[in-house]
Every structure is written in structure tokens, then in C-alpha cells.
Amino acid sequence: MSTLELDIARIRAEFPILRQRVHGKPLVYLDNAASVQKPKAVIDAITECYTGYYANIHRGVHLLSERSTVAYEKTREKVRAFLNAASTQEIIFTRGTTESINLVASSFGGQTVKAGDEILITGMEHHSNIVPWQLLCERTGAKLKVVPFTDAGELILEEYERLLDGPVKLVAFVHLSNALGTLNPARQLIEMAHARGIPVLVDGAQSIPHLTVDVQALDCEFYAFSAHKIYGPSGVGVLYGKKALLEAMPPYQGGGDMIRLVTFEKTDYADLPNKFEAGTPSIADVIGLGSALDWVNAIGLDAIAAHEHALLDYATVQLSEIPGLKIMGTARDKAALVAFTMQGAHPHDIGTILDREGVAIRAGHHCAQPVMQRYGVPATARASFAVYNTRDEVDVLVAALWKVKEMFEL
Amino acid sequence: MNDLRDLYQEVILDHNKRPRNFRILPHPTHHADGVNPLCGDRISVYLDIEDEVIKDITFQGAGCAISSASASLMTEALKGKPIAEVEHLFDAFHDVVTTDCECPKGLGKLSVLAGVRDYPSRVKCATLAWHAVRAALEEHKEAVVTE
Ligand SMILES: Cc1ncc(COP(=O)(O)O)c(C=O)c1O
């Protein structure tokens, strides 16, 4: 394959959870788009924090608090570098992609969106990039507009162009679709919006572990992602926002840590990024995210992407050979996952039968019900890849799918 | 695959492939939808009730093998039964799919779904149609949700 070939056996050995058997079979974990497993380095970083130097941040004069604060803020710098943001003030820690999007919908949306305005999203969004905008529209009387996509799962750019001519106040789109695997042309979509002066939020929940993201090159106003999809812990996410916008936006939640001075008459808010980080954050988990980014950097995102792409190509060919199996999402630009249906076998049943073979996949609507409706299916099965997956595991998946056919006499 | 065969028994596979009473009743006296938000499955049940007796019962929808077969078997079990028996049958069926109880007598073919008890994530599939029927009898207008 490529010159970037990785030593996958060595990488796998770093994931304690992958050593187990389920139902007596070696675990084949192919549910990485839902959440990815954690390397020992990340688990150790969290344990080290709790056993060595944990204390609340930004408020203690004592040594542990200082050490925790330094480790926490070091992660902010790591995230900044990872996204190539201009400043650490543009990196806000949240609970995850969902909270990041809600923050923008509530703060930026509440500030700029009025009755009659439009928010433009795409037909392939995760519920977390739909519902916050619907709530905003209900509050303000704005309208939610949706860019359609083709049967292959590619956005129809002419429609996008047309919809941009409306009174659109914000475009929000998914970078890499969790339901279809489509990699959207982010740079182009952003440029087209900017040509009309419209700001853009990118849902990077799926793209972040699979491709290099440079927010300055993309030039998006906001970029959201979750630590748990990039080998970090659950409960932590990031919102990148351009400084000028974040500065002009009102706070999202009120509380400790986000203030400069509180009196009962008036509160002065803290500077960025603290203005948007009310309350005690998930300190050890943020530190775990820092360790996850170090871990990914050490391997190299390009090498990871090349490995996953080879797996995706291999799986696509192997799955296509199973009669009655239909791949949903055949965009030219795809990454990391393959969603499919099988004639005569419901995804839920496929999931149960695969589980007994040790193969963990996702079966359901993938929090993207409008995508299911678009194709007229209640659900799909989805296999999604991470750096530790192998061709052998794809073979196990394929063999297990033949068992489904056997069971249902297809 | 032995343990999987405990779940996917021949009767279940058969009812999945050839669901019984799988049609819409044109003029039902009672009707409700059941939705399983986990997998997006949706089942509609239609009842024709006369003098407190289920004269006819049918269903429509798309679901997994467990929910489809369970709906199909349920329509067979309930057809001709007084509505007073529905709750009793449902309770007995629920016990069978959730606990290690001895299968109570009188459940007949419904007991083929007992294998579901080893697959907790699938209990909602097995009970979806039943929840819909109970909602129809209570004349709920909204779709019931198995959560
Ligand atoms: C495309 C996409 N957006 C948003 C989310 C929500 O992420 P989280 O649940 O971590 O907030 C996900 C997670 O599945 C996703 O795949």
C-alpha cells in the first residue's frame, strides 16, 4: 500500500480494551463513529491527574491547583495547534460537539437571528446540528432551510447556491457525515457562504479523527468537535470560534469562572475563553484530550487517514460482493465508514447476529433520521473504522454478514 | 450459532418472512402507532372491536425480525379474544421476554419469543406491537414510544 504504512499490531497493543473476547470471539470493534476506544496513554494521563495533581483550576493559590491549571491550559494550546487556530482565546472547552453547537445557537443565534431570517443546514446533519437550530427558529421566528443531496450522498451545490441567496444568517454543515461517510467540500461551501457575507459553523465531530483540519485555511467562523471521537475521553468537546465574533457574543451560561467582577447590580464578564466556560469543567478529561492529541500527532493524522482509507476501500469491495447488500452513501469523497442495508434482514437483526460473532457495529438511524427518510429506510447498519482496525477484521465482518444471510435464508 | 437459534427460532423467521394479518383495516374501531426510537421502527395496529371482543386485528409497518414476528404472532393470539384478556396476556408475555420465569400456560406460540430475555436490547422490539395495541385500546391518539 502506501509509504505511510503503520505498525497496526503495535498500535492495537496500546488499547487494553481490544484484547478481550465477546461471546467467546475476539472483539472486532467497528463502531468507532459512535465513539472510539482509548489508548493507554490517555487512560494513564487521566489516572495521573487524579492520583498526582488534581485540584480545581483557575482559583487556587496552592501547588496542586497550579499544576492542574497548567495542564488544563496546556491542552488548550495543544488544541489550538491541532486546529491551527490563531489564538488559544479561540478555543473553548465544552461537553462535546452537541454543547458547542448549542452554545453558538444560543449565544450567536440569540444575538443575530430575527424573525424572517434563515438558518441553512444540509439534509445529512446529525440531530445535534438540527435540533439546536430548530429551537432557535422557534424562539425567534426564523426559518430552517435544508440543502438537499443526491442519491450518492453528495450535496447539490446549485441548490446550495440558490438557498444562500435567501436571508441566511448562518450556514451550519457537517464536515464528514456520520450516516453516509460523505466528506463535504468544506472549503468551497465556506467560500460560497462568505461571498455573501454569511458566517459558517462546521460540525467536525466525525472529521476531526480522520483528516487534518486547519481552521484558518478553512476560514470557518466556528468549528465543533468531541474528544471522545479522537481517542480522548467522553464529556469534553471543543468549540473553535473566531475571536472577534466570540468577543461580541453574549455568554452562554452564567456562573463561576466566567466573570471578572460580580456585584448584585452588574457582572463584568471574563475575557475569552473563560467567558464561555462557566463552572468547574471536566478537568481531568480535558487533560485526557491533550494526551489524545499528542498520541494522534505522534502517529500522524496523514498516516492514520491513509490506513483508514485503505480499509474503507477494501471493505467497500468486499461488502459489494455480498448479494442483496446495498451501500448507502457512495460519494466520490468518503472517509472512514460504510453504511449499508441487506435485503431481507433488518439492521437491528444484523447487529445482534454480528455481536454474537464478536463484531460491534451500529444499527439504527445514527441520530440522522432525515437521512433515513431521504432513502426511505428505517435504519441502516454501519461499520466505521479507526487506526487500530485491520483487513482481517473486515474479513471477520464479511464472514459474519454471510452468517446473517444463512440465518435468514437469504 | 446455537444460542442465536434460541432467539431466531423457525417460527419467528417464518412470521418475519410471511407476517400474518399484515394489512390495513379500512374502518378500524381502534388504531395506534408504535415507534421504537432506538431503531426507527414503526408499527401501526388496527383493531375491529365489537361487543368488547376483538373481531379482527391487523398491523402494518417496517421493523426487525423480532418486532415483525412478535406483531404477527400477537395478531394471531388476540384475534377473537375479549379485550379484557389483553392486559392479562400482555403481562404474561412481558414476563416471558424479560424474566427467567417458567412460561405460563395459555401463551401458546407467543412463548417462542422467550429467547429475547437473553438480549435485553431487543425486549423493546418484542413488545412494540403490544404497546401499540394497549395504546389503541386506551384510544391514545399519539404514537406510543417504547421508552
Ligand atoms: C456528525 C456528528 N455531529 C455531532 C455529533 C454529536 O457529538 P456528541 O454526542 O459527542 O456531542 C456526532 C456524534 O455522533 C456526529 O457524528
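These are my notes on the ligand site and the enclosed space in this predicted model.

**Entry 1: the ligand's neighbours.** I started by listing what surrounds the ligand. There are 13 residues around the ligand, and the nearest are A:Thr98, A:Asp203, A:Ser226, A:His228 and A:Lys229. I then sorted the shell by class and got 9 polar, 2 charged and 2 nonpolar residues.

**Entry 2: polar contacts.** Next I checked a few N and O distances. The side chain of A:Thr98 has an N or O atom 2.6 Å from an oxygen atom of the ligand. For A:Asp203, the partner is a nitrogen atom of the ligand, 2.6 Å from an N or O atom in the side chain. I also found A:Ser226, where a side-chain N or O atom is 2.7 Å from a ligand oxygen atom. On its own the ligand has 390 Å² of accessible area, and the protein covers 85% of that.

**Entry 3: the pocket.** Where does the ligand's space rank among the pockets? I looked it up, and this space is the second largest pocket.

**Entry 4: closed space.** I went on to cavities and found 1 of 30 Å³ or more in the structure. The largest cavity holds about 80 Å³ of space. Its lining has 13 residues, with A:Asn32, A:Ala33, A:Pro209, A:His210 and A:Phe385 closest to the centre. By class, I noted 8 nonpolar, 4 polar and 1 charged residue in the lining of the largest cavity.

**Entry 5: which domains line the cavity.** Last, I asked which domains of chain A supply that lining. Domain 1 (3–30 + 300–404) and domain 2 (43–297) each give at least three residues to the lining of the largest cavity.

Key
Residues numbered from 1 in each chain as written. Chains lettered and ligands numbered in written order. Predicted model: local features only at pLDDT ≥ 70, side-chain atom pairs only at ≥ 80, totals over all residues. Heavy atoms only, no water. Near = heavy atom within 4 Å. Polar contact = N/O pair within 3.5 Å; in protein donor to acceptor, adjacent residues only side chain to side chain. Areas by Shrake-Rupley, 256 points an atom, 1.4 Å probe, with all protein chains shown as cover. 1 Å grid on protein atoms, 1.4 Å probe; cavity = no way out; pocket = protein on both sides within 12 Å on 5 of 7 lines; lining within 4 Å. Sits in = over half its atoms within 2 Å of the grid points. Nonpolar A, V, L, I, M, F, W, Y, C, P; charged D, E, K, R; others polar. Points joined across faces, edges and corners; volume = space filled by probe spheres on them. Domains from an automatic or database assignment.
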